[in-house]
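Colleague: Could you take me on a close look at one strand of this model, with its partners and its surroundings? I would enjoy a connected account more than a list.

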Amino acid sequence: EVLFDNVRTPYTIVLPPFQERPALDTLDLTPLGACFSIKPAHGGGGDGVIVEAHSLEDVLAARREYPADKYLLQTRVVPNRVGGRTAWFRVLYCEGEIYPCWWDVRTHVYAPVTAAEESRYKLLRLRAITETVAEVCRLGLFSTEIAHAGRTGLVVVDYANDPIDLRLQSTTAEGVPDDIVRFIAERLAELVGQVL
């Protein structure tokens, strides 16, 4: 893991697009461990993501799938169980407002983290970490994925997703909870009103 401004991230190697550099001279995968993730830098919804990669051959095959895209190789993060749930979170950020949610990595179903859960499971750091990500990426609207893993605690796995999928949970199972979408829409309308 790497520690930046008190925010932990998995060890990551960024690769250039296949179109720019098809051959990878001396790529040392050792720091990633025996099992690692491969992610295209752009896109969303898990498209092109390989959760359990094991070899250079896996990397080479993945880079050909989206040849114009950069790829991230990351140490695989295995979340802990907290309060009977898998401790993987997707936190939405909108101009200073923070909405932490439990997020199921298989089904992509959201469930808001309650104030009681934030207190009971010591999840208030989700907000501080998201504020730090906002300071670094300088985006007004994004989501970030944070896992509670190992003994070190919270690890930012997917730094800043932009654009974000704001489909309503009432119409799509993997959508964002309706109340959160409404809060975001109201916040954006408020900001537009201040400009006009």
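Modeller: Happily. In this predicted model, strand S9 pairs with S12 in the antiparallel sense, over 7 bridges. One pair to look for there is Trp88, whose bridge partner in S12 is Ala147. S9 also pairs with strand S10 (residues 97-103), again antiparallel, over 6 bridges. In that pairing, Phe89 stands opposite Trp102 of S10. S9 and S10 form a hairpin with 2 residues between them, and Glu95 in this turn has a positive phi of about 45°.

Now to burial. S9 spans residues 88-94, and 7 of its 7 residues are buried. In a regular strand, side chains alternate between the two faces of the sheet. Here both faces are covered: Trp88, Arg90, Leu92 and Cys94 are buried on one side, and Phe89, Val91 and Tyr93 are buried on the other.

Phe89 deserves a closer look. Beyond its neighbours within four places in sequence, Phe89 is in contact with a set of residues that includes Trp102, Leu126, Ile146 and Leu154. Polar residues are on that list too, among them Thr144, Glu145 and His148. The largest nonpolar core has 18 residues, and Phe89, Leu126, Ile129 and Ile146 are the ones that touch the most other members. S9, S10, H3, S12 and S13 are the elements that give two or more residues to this core, and H3 gives the most, with 4 residues. Another core, of 17 residues, lies apart from it, with Val77, Tyr110, Val155 and Ile164 among its members.

If you follow H3 outwards, the backbone has some details to check. Lys122 sits in the loop between helix H2 (115-120) and helix H3 (125-137), and has a positive phi of about 55° although it is not a glycine. Lys122 counts as exposed because its relative accessibility is 69%. On the other side of H3, Arg138 lies in the loop that leads to strand S12 (141-149). Arg138 is likewise a residue other than glycine with a positive phi, near 60°, and at 75% relative accessibility it counts as exposed.

One last backbone detail concerns the loop between strand S13 (153-161) and helix H4 (178-195), where Pro163 lies. The peptide bond from Asp162 to Pro163 is cis, with omega near 0°.

Technical notes. Residues numbered from 1 in each chain as written. Predicted model: local features only at pLDDT ≥ 70, side-chain atom pairs only at ≥ 80, totals over all residues. Heavy atoms only, no water. Buried < 20%, exposed > 50% of the residue type's maximum accessible area, 1.4 Å probe, protein only. Pairing = 2+ DSSP bridges. Core = buried A, V, L, I, M, F, W, Y, C linked by side-chain atoms within 4.5 Å. Contact = heavy atoms within 4.5 Å.
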